[in-house]
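This report walks through one protein chain, from its overall build to a pocket, a helix and the cores. Please keep the sequence and the structure in view while you read.

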Amino acid sequence: MLDREFKLDIREESCSVITSNNKITKTLPFFSYCAGHYYANADYYTINRVLEGYVMTYTVAGRGVLEVGGKRFALEAGSMMLLDCMHTSNRYQTDGENWESYFVRFGGQGCPAYFDAIRGGEAAAVVQMQNAEETERQMQRIIDRSMAYSPVASMEICLAITGLLTGMAKSACADTPPGTGAQKLIREADAFIHLNYQHNISVEDMGRFLHLSPYHLIRIFKKYTGYSPHEYLNIVRINRAADLLCESDLRVHEVAEKVGFGSVNSFIRNFKKQKGVPPAKFRERK
């Protein structure tokens, strides 16, 4: 199996460049391997199984999607994705007809600390950047300076990557929106889950309802509840399923459908994980 797989379905105006590094490069906190600006069409995708370094991808227009660690992250206009490609297999691709984005794959001694600070315990980070114009300018600067074989160019690239990561950290650690306290936000998220658990809802759906990016929602929700929104959704579903098993004659697959599970196997697995026994055994005990 290849370590990397991709389909480069991009328009002619797209560009990418391998960075011209020098003897000073790897002594810096950050350095670039390659960078680019893609205008991707519908069939574009990249799969990284083992790839050296980290990747930042900034969505300018259109929409992409990232799959990593068993989760999906929407890559919408104004959002920055940060991935550790060395330790986590991932796939990202166009979601729809087109996806315009800047990217830089980079390394350096400063990467692990920044990555851990930004991702908040997740396999990756997707953050809505606060200053789109500055973000695009820094990304373009990395591309421009990647072609210059000089110590100064390496330092400028390092400075640009530092600025982008710091911008991500500021966005990730921002307070909740003005007038919206964290406790109120949790109550609204809880109400949304209890009203919609029987449907096929996602963290993206919750985020849209609360006017928050999925990453921001996950960070706040987990901080105040100890669970991710998805984990809490499954708790609500399984608790309701337990009630139905005790109060009704519905079959196990019917209970699974009633509480929002699309797969009976997934339902049984999650039920056993939370309650210690499969649904049928739980009903017998009650």
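A residue counts as buried when its relative accessible area is under 20%, and as exposed when that area is over 50%. In this predicted model, A74 has a relative accessible area of 10%, so A74 is buried, whereas H211 reaches 71% and is therefore exposed. These two residues will come back below, after a look at the whole chain.

**The chain as a whole**

The chain holds 10 helices and nine strands, and its C-alpha atoms fill a box of roughly 75 × 50 × 35 Å along the principal axes. Of the 286 residues in the chain, 47% are buried. Among the contacts with a separation of 6 or more, 74% join residues that are 24 or more positions apart.

A74 offers an example of how distant parts of the sequence can be brought together: this residue belongs to strand β6, and although A74 and Y215 are 141 residues apart in sequence, their C-alpha atoms are 9.7 Å apart in space. If residues up to four places away in sequence are left out, A74 touches R63, G64, V126 and E204.

**The largest pocket**

Rolling a probe the size of a water molecule over the atoms shows where empty space is left. The largest pocket contains about 580 Å³ of space, and among its 26 lining residues, G70, I201, S202, H230 and R237 are the closest to its centre. By class, the lining is made of eight nonpolar, 12 polar and six charged residues. Several elements each supply at least two residues of this lining, as the table lists.

| Element supplying at least two lining residues | Residue range |
|---|---|
| β6 | 71-76 |
| α5 | 203-210 |
| α6 | 214-225 |
| α7 | 229-247 |
| α9 | 264-275 |

The largest share, four residues, comes from α7.

**Helix α5 and the loop after it**

Which residues of α5 are buried? They are V203, E204, M206, G207 and L210. Because these residues cover an arc of only 160° around the axis, they lie on the same side of α5. An α-helix has 3.6 residues a turn, so residues three or four places apart point the same way. The cover over the buried residues of α5 includes β6, α4, α6 and α7.

Just after α5 comes H211, which sits in the loop between α5 and α6. Its phi is near 60°, a positive value in a residue other than glycine. Most residues other than glycine have a negative phi.

**Two nonpolar cores**

In soluble globular proteins, nonpolar side chains tend to be buried together. The largest nonpolar core here has 32 residues, and those with the most contacts inside it are I193, M206, V259, F267 and F271. At least two residues of this core come from each of α4, α5, α6, α7, α8 and α9, and α7 gives the most, with eight residues. F267 shows what such a position can look like, since, leaving aside residues up to four places away in sequence, F267 touches I238, A241, V252, V255, A256, V259, F261 and P279. A second, separate core has 30 residues, including F106, F115, M139 and L165.

Helix α7 thus appears twice in this account: α7 gives the largest share of the pocket lining, and α7 also gives the most residues to the largest nonpolar core.

Key. Residues are numbered from 1 along each chain as its sequence is written. This is a predicted model: local features need pLDDT of at least 70, side-chain atom pairs count only at pLDDT 80 or more; totals for chains, interfaces and linings use all residues. Side-chain values use heavy atoms; hydrogens and water are left out. On a 1 Å grid over the protein atoms alone, a cavity is a set of points where a 1.4 Å probe fits but cannot get out, and a pocket is an open set with protein on both sides within 12 Å along at least five of seven lines; lining residues have an atom within 4 Å of a point. Grid points are joined across faces, edges and corners, and a volume is the space filled by probe spheres set on the points. Ala, Val, Leu, Ile, Met, Phe, Trp, Tyr, Cys and Pro count as nonpolar, Asp, Glu, Lys and Arg as charged, and the others, Gly among them, as polar. Buried means under 20% relative accessible area, exposed over 50%, partly exposed in between (1.4 Å probe, protein chains only). The arc is that of the directions from the helix axis to the C-beta atoms. Contact means heavy atoms within 4.5 Å. A nonpolar core is a set of buried Ala, Val, Leu, Ile, Met, Phe, Trp, Tyr and Cys residues joined through side-chain atoms within 4.5 Å.
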